[in-house]
Amino acid sequence: FIAARYDPENLEGKARCKRDLLESLGLPEDLMNSPVVGMITRLADQKGLDLVAACIDEMLQMQIGFVLLGTGDQKYIDMFQRIGAQHPHKAGIRLGFDNRMAHKIEAGSDIFLMPSRYEPCGLNQIYSLRYGTIPLVRATGGLDDTVRDYEPATATGNGFKFEAYSANALIQRLKSALELYQN
């Protein structure tokens, strides 16, 4: 389902997957130089989409691309349709179920966002780790169990976590991830 294979020793394929993702969603080539934040989710309150709604405009003012695949509650379908229409050069939105696109998002994104209100298990953060896409999650349930928050002092961890269920906490941790992306 992805444009190229890659591994920790050779990440050229990851860049090809990112280019393929951007092309598939009609996003501009210049986003290759910016981090792409991906989401694959059921569009429901549980998934923290009220946090995304509260901060998406601020997120899209940052130097990032945003991609989403999902289906669910009409209020979120309407919200993401609006976001896609208002930000056609920064936001690639695919509403519905598309297994091929899910793999493209996991392989082509740089950061995978899961701001769940609660998450008994969660699988996408595990898929993200396998695809070399850094998870940014709210510390709850299985997300808290599987993602080790990055510690700059020791250069340890496998993702980024935020504790408080707030848009501000999400934005602050995203800013931390973006600072590290620049290095």
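**Core and helix packing**

In this predicted model, the largest nonpolar core holds 32 residues, and those touching the most other members are Met59, Phe66, Phe80, Leu113, Leu136 and Leu174. Two or more residues of this core come from each of strands S1 (36-43), S2 (65-72), S4 (111-114) and S6 (160-162), and from each of helices H2 (49-61), H3 (74-86) and H7 (167-181). Apart from this core lies another one, of 18 residues, including Leu21, Leu25, Val36 and Ile40.

Phe66 offers a good place to look at the surroundings of one core member. Leaving aside residues up to four places away in sequence, Phe66 touches Val37, Met39, Ile56, Met59, Leu60, Phe80, Lys90, Ala91, Gly92 and Ile93.

We turn next to the helix pairs. Two packed helices are described by the angle between their axes and the distance between the axes. For H2 and H7, the axes lie 9 Å apart at an angle of about 45°, and the two helices are therefore oblique to each other. Their crossing is right-handed. On the H2 side the contact involves Leu51, Ala54, Cys55, Glu58 and Met59, which meet Ala167, Leu170, Ile171, Leu174 and Lys175 of H7. Sorted by class, the residues of this contact comprise eight nonpolar, no polar and two charged.

H2 also packs with H3, where the axes come within 11 Å and cross at roughly 5°; H2 and H3 are therefore roughly parallel to each other. Leu49, Asp50, Val52, Ala53, Ile56 and Leu60 of H2 make this contact with Tyr76, Met79, Phe80 and Ile83 of H3. Here the classes are nine nonpolar, no polar and one charged.

Key
Residues numbered from 1 in each chain as written. Predicted model: local features only at pLDDT ≥ 70, side-chain atom pairs only at ≥ 80, totals over all residues. Heavy atoms only, no water. Core = buried A, V, L, I, M, F, W, Y, C linked by side-chain atoms within 4.5 Å. Buried < 20%, exposed > 50% of the residue type's maximum accessible area, 1.4 Å probe, protein only. Helix = DSSP H or I, 4+ residues; strand = E, 2+ residues; numbered from the N terminus. Contact = heavy atoms within 4.5 Å. Axes fitted to C-alpha atoms, helices over the stretch in contact; angles between N-to-C directions. Parallel < 35°, antiparallel > 145°, perpendicular 65-115°, else oblique. Left-handed = near helix turned anticlockwise from the far one by under 90°. Nonpolar A, V, L, I, M, F, W, Y, C, P; charged D, E, K, R; others polar.
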